[in-house]
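Subject: Structure handover and notes

Dear colleague,

I am passing the structure on to you with this message, and I would be glad if you could open it before reading further. My notes come after it.

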Amino acid sequence: MDPSLSPVSIHYAIKKETWRHTIVLSFQTLGILYGRLSTAPLYAFGSVDPSDIKSGEQIYELFSFVFWTLTIIPLLKYAFIVLKADDNGEGGTFALYSLLCRRANVGLLPSDFSAMELMHQEEGTPSKMKVESRARRATGRYKSSHYLLLFLALLGSCLIICDGIFTPALLVLSATSNLRRSLSKLAPRFTSSEKARQSVDRYLKRYIPVPVACAILICLFMLQRYGTNRIGVIFAPIVITWLMFISGFGIYNIVHHPQILWAISPTYMFRFIKTIDISSWKLLSNVALCVAGSEAMFADLGHFSKRSIKVTFVFLVYPALVLCYAGQAAYFSKHLGTSDDVAHLSESVTRRHLIHIFNILSLFASLVGSQATITASFSIINQCQALACFPRVKVIHTSEKVHGQVYVPDVNWMLMFLSLSILIGFRDISAIANATGLAVICGMLVTTCLMSLIIALQWEKTLAFLSVLFLLFFGSIEALYLSSCFLNFIKGAWCVVFLSLIFMTIMISWHYGTIKKYEFDLQNKVTVDWLTDLSPGLGVSRVSGIGFIHSNIVTGIPAFFSHFITNLPAFHQVLILLSFKSLPVPYIPKNERYLIGRIGHKEYKIYRCIVRYGYRDHVRDVNDFEDQIISSIGEFIAREERHQEPLFLQEGRMIILGTNGNALVPVVEQNESGEQVTDIENPTTTTTTRRKKVRFMLPASSPKMNPSVRKELQELVDARESGTAYFLGHSHLKVRKGSNFVKQFLVMAYAFLDRNCREPPIALDIPHAALLEVGMVYTI
């Protein structure tokens, strides 16, 4: 293993990042990650109905909750604890789940025993050498715990997607509502008639907040194709200006009403709880919105680094938010009852000549605040798809330097449609805020549960007691807010439950169908002897060229290929059984991506290639993938006899290889026919380029190369020159008669998704002219 590319060294490199790099990433975090948290003041107190507030003293008590919630959840929980549980630089609920899959053996995803064993050998960390704790053995033994953990991971993913739907609608509507109030206050300058002012106000309420918000949302989602890096550079100055502006007015209001500083004392929270009733309890759901966006600190970790996220929050975002909320609460408490809009942040901007600057800043800041949840949705769906928990969608990696920066076009338009539907359907900040609060708190509670298991199962076993404390302390706080959110269930929060059920159904159905197809392939595979020994009796002939057989299994011959041979007794001179295996790790180093082995005797020229990838890798969408496989096969042939540490499997030994070999010399040519190619970094630029074609040649004669090896390499080169073909099984699931309703529903849902999602040949980047699909019906 090349130390520079190993997962351990990647983690070490992140720790050793320079301060210059930290400053650059910290600047970008403001434009991507902290936009959501920084714009929470637009709706946290703003979604409170002033009629529900009994006195100014109660506002002090609510601010005490805001202060300690900001301190405990984003600062203590995420910045100082949860960020330590990264999966080689990746964050989010699936990162925690992948850690548990490897450490506690709780994975339910289709994988191969040999590949997982190899993964365990490569990790070789000291923790693997320790005696397993009782909790880890119990978790790995009971199947119910496996299903529970997968359910938690999928639920957390669904809630992040829901957050990506509701947050843009909430933020933009809050900003446009401020704009409407500002324009309404200008009406008295142009007319003295009360009737005319009321008519103007009704007109503005009808045509400003929702229509303008819809137009802004469309522009926001259209910007996503430019990638995280460009958007972050553009948005970061806006967030910095916004934080300075709201913290400045916060200081101004604190100076004029310094009594608010006494509310930092937790005794104010106890006063609130002591006199609490149903009406007061509902107010806590509004307080929970002050930490909306905290989950993005962990979910978007793959885009940045732990140090940049922590430094930015501790030294800039946290102080600015505390000052802003303190000033807003101070103004709110002193002017309670003076206006129906007194709870909104714009009212605390006491300098009227600056209110227009505030409105413009809030519009731009709402765009930035929406970016964090949209980015997190792209990241989590990319992870779900890699681990067979989401239908096939196109994923575009928008940065060559940061692997985690992705853009998912299909999901982007889905989020836009649903966000617009929520905005047009509710047309009310309070209802959307109730739904957002429930999604935020539920997502945090899922992270708390998974994180407590990480502390108990992955970290030192002596910390098991601390994991219980972690769960009880943070879980009880989040459960408190969760109960208040459910009190608003019929006032908008129901929509989160409805959308979560839809996304959960999609994920579970896809996962179930994938598992069942994999199990069917395992049960109906044929042995290699059938192909090498028995097929000559069927009159099978070999034709020139290379045949790639895509298979989900890593031993034996897939059922669809035996079905093909039975009906058309012929296959290529060189066969390569190709399997993709996702492992619960973020990345697989390029020099360890392929497992190459031989099936049968040398004269059969049948090889097996297992392509391993992590949930952040994008190995399927590269144009030169076929060339990499051929090069790796050639390297295997050259190194087979002298390789010292092969991996022995049932069919023989396999060798770990990368993408760079010297057994075959690639010669790049250009096709005569040109094609249009769109630049990912600049999607507006489309150029006409020639598609490259790679031919292989043998290196110059070397006395070290065995003549038999040179002969086999030449046969491989000749077969490549004759052409390649791809065999892909096109399976259809069918339910057995008498199956229960749940099984029938899951299979039907999977079949519907399979027909309407991205086609496998496109997802695998297979040329259509060389594709041969073999249809089969899988009865389960």
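The notes below begin with the chain as a whole and then turn to particular helices and residues.

Please keep in mind throughout that this is a predicted model. The protein chain has 780 residues, of which 58% are buried, and its secondary structure consists of 27 helices and 12 strands. Among the contacts with a separation of 6 or more, 84% join residues that are 24 or more positions apart.

Much of what I looked at concerns helix α4, which spans residues 56-80, and its packing against three other helices. Against α13, which covers residues 267-274, the packing angle is about 120° and the axes are 8 Å apart; an angle of that size makes the two helices oblique to each other, and their crossing is left-handed. On the α4 side this contact is made by Glu57, Gln58, Tyr60, Glu61, Leu62, Ser64, Phe65 and Trp68, and on the α13 side by Tyr268, Met269, Arg271, Phe272 and Ile273.

Against α14, residues 278-287, helix α4 packs at an angle of about 40° with the axes 10 Å apart, which means that α4 is oblique to α14 as well. Here, however, the crossing is right-handed. The residues of α4 that take part are Gln58, Leu62, Phe65, Val66 and Thr69, and they meet Ser280, Leu283, Leu284 and Val287 of α14.

The third partner is α19, which runs over residues 429-457. The axes of α4 and α19 come within 13 Å and cross at roughly 30°, and because angles under 35 degrees count as roughly parallel, this pair is described as roughly parallel, with a left-handed crossing. The meeting residues are Ile73, Lys77 and Tyr78 in α4 and Met444, Thr447 and Thr448 in α19.

The aromatic side chains come next. The structure holds 26 aromatic pairs. In one of them, phenylalanine 65 and phenylalanine 272 have ring centres 5.3 Å apart and planes at 75°, so the arrangement is edge-to-face. Since phenylalanine 65 belongs to α4 and phenylalanine 272 to α13, the pair ties together parts of the chain that are 207 residues apart in sequence. Phenylalanine 65 is buried, with a relative accessible area of 4%, and phenylalanine 272 is likewise buried, at 1% relative accessibility. Elsewhere, Trp242, Phe245, Phe249, Tyr252 and Phe358 form one aromatic cluster, while arginine 271 lies over the face of tyrosine 268, at 4.5 Å from the ring centre.

Where does glutamate 478 lie, and what is it in contact with beyond its neighbours in sequence? Glutamate 478 is part of helix α20, residues 464-486, and counts as buried because its relative accessibility is 0%. Once its neighbours within four places in sequence are left aside, glutamate 478 is in contact with Ile73, Lys77, Ile441, Met444, Leu445 and Thr448. Two of these, Ile73 and Lys77, also appear on the α4 side of the meeting with α19, and Met444 and Thr448 appear on the α19 side. The C-alpha atoms of glutamate 478 and methionine 444, which are 34 residues apart along the chain, are separated by 7.3 Å.

Serine 551 sits in the loop between β3 (541-550) and α23 (559-567), and at 7% relative accessibility serine 551 counts as buried. Apart from its neighbours within four places in sequence, serine 551 is in contact with Pro558, Leu578, Ser579 and Phe580.

Finally, there are two backbone angles that you may wish to look at in the model. Most residues other than glycine have a negative phi. Arginine 427, although not a glycine, has a positive phi of about 55°; arginine 427 lies in the loop between α18 (409-426) and α19, where it is partly exposed, with a relative accessible area of 45%. Lysine 605 also has a positive phi, near 55°, and is found in the loop between β5 (594-599) and β6 (606-613), but lysine 605 counts as buried, at 13% relative accessibility.

With best wishes

How values were computed: Residues are numbered from 1 along each chain as its sequence is written. This is a predicted model: local features need pLDDT of at least 70, side-chain atom pairs count only at pLDDT 80 or more; totals for chains, interfaces and linings use all residues. Side-chain values use heavy atoms; hydrogens and water are left out. Helices (H or I, at least four residues) and strands (E, at least two) are DSSP runs, numbered from the N terminus. Buried means under 20% relative accessible area, exposed over 50%, partly exposed in between (1.4 Å probe, protein chains only). Contact means heavy atoms within 4.5 Å. Rings of Phe, Tyr and Trp (its six-membered ring) pair if their centres lie within 6.5 Å; planes under 30 degrees apart count as stacked, over 60 as edge-to-face and the rest as tilted. A charge sits over a ring if NZ of Lys or CZ of Arg is within 6 Å of the ring centre and within 35 degrees of the ring normal. Axes are lines fitted to C-alpha atoms, for helices over the stretch in contact, and angles run from 0 to 180 degrees between N-to-C directions. Angles under 35 degrees count as roughly parallel, over 145 as roughly antiparallel, 65 to 115 as roughly perpendicular and the rest as oblique. A crossing is left-handed if the near helix is turned anticlockwise from the far one by less than a right angle, and right-handed if clockwise.
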